[in-house]
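Biologist: Please take a close look at a single part of this protein, the largest nonpolar core, and set it in the context of the chain around it.

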Amino acid sequence: MPKTPEMINDARAYINGSADFYPTTELELPEIESLTADVEGAGISGKIEAPVEGQIDSMEAKITMRVPTAQGMTLIAGRPITLDVYADIQRFDAGANAYSHSQMRSAMRGRIKSVKPGSLKRGETTDSEFTIEVHYLKMEYDGKTTVEIDKFGYKCVIDGVDLLREVRANIGM
C-alpha cells in the first residue's frame, strides 16, 4: 500500500545562511509559470498559448511572521536574500498502520520586493509580510533535486533534464 502524503508536519526557515527565522508562521512558495507566446496561423484551428520551453515568468515568495523582528525589518529596499526552508512531510502507510516522514527543502535567492509590517493590536499578531522576487529556486525531496531554476545562470532543470541546454549552445553560451 502506498504511503499517503497528508500534511506539512512542521517547517523552518533560515535567512542568509544561518539565522533561524523562527517567527515565520507561513511561507508561500513561488508559483512556477512558463512564459507563453501566442501561436496562430495556417494549419492551426484558432490560437494556442504555447509555453516557451525553459523560460519562467516572475516568481514571488512570501514570508508571513507573527510579529516583525529587528532582523526582519532590515530586509527592505531590494536587499538580496538567501532563504532555505526545510519542511517535514507527514505520510501515512495504511498497510503498515504507521506514519512515515519525508523531507522537502526549498532554497531560494532573490531580492526583497516589499515589506508589510502589519497592524498593531493588543494581544494579537501583526502578520507581517515580506515579498521576495525569486531569481533562483531549488526544490528537493528526500535529497533528490526535482526543480532547479537559475535565471541569471540560464538554467531550468526539471527532474534532471536541463530544458535550456540546447538553447544555451545555440546562442553561444
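Modeller: Helices and strands here are DSSP runs, with at least four residues for a helix and at least two for a strand, numbered from the N terminus. The model is a predicted one. By that definition the protein chain holds two helices and twelve strands. Their order along the sequence is β-β-β-β-β-β-α-β-β-β-β-β-β-α. The radius of gyration is 20 Å, well over the 16 Å that the globule rule gives for 173 residues, so the protein chain is more spread out than a compact globule. Along the principal axes, the C-alpha atoms fill a box of roughly 65 × 50 × 35 Å.

Of the 173 residues, 30% are buried. Now to the core itself. In soluble globular proteins, nonpolar side chains tend to be buried together. The largest nonpolar core has 22 residues, and those touching the most other members are Ile63, Leu83, Met108, Ile132 and Val134. Two or more residues each come from strand 1 (3-15), strand 6 (59-65), strand 7 (80-93), strand 8 (98-116), strand 9 (128-141) and strand 10 (144-150). Strand 9 gives the largest share, five residues.

Met108 serves as an example. Beyond its neighbours within four places in sequence, Met108 is in contact with Leu27, Leu29, Pro30, Ala61, Ile81, Thr82, Leu83, Val85, Val134, Tyr136 and Leu137. Across the protein chain, of the contacts between residues at least 6 apart in sequence, 61% join residues at least 24 apart.

As for the surface, the protein chain exposes about 10700 Å², with 51% supplied by carbon and sulfur atoms.

Key
Residues are numbered from 1 along each chain as its sequence is written. This is a predicted model: local features need pLDDT of at least 70, side-chain atom pairs count only at pLDDT 80 or more; totals for chains, interfaces and linings use all residues. Side-chain values use heavy atoms; hydrogens and water are left out. The radius of gyration is taken over C-alpha atoms; the globule rule is 2.2 Å times the number of residues to the power 0.38. Buried means under 20% relative accessible area, exposed over 50%, partly exposed in between (1.4 Å probe, protein chains only). Contact means heavy atoms within 4.5 Å. Accessible areas come from the Shrake-Rupley method with a 1.4 Å probe; for residues, only the protein chains shown count as cover. A nonpolar core is a set of buried Ala, Val, Leu, Ile, Met, Phe, Trp, Tyr and Cys residues joined through side-chain atoms within 4.5 Å.
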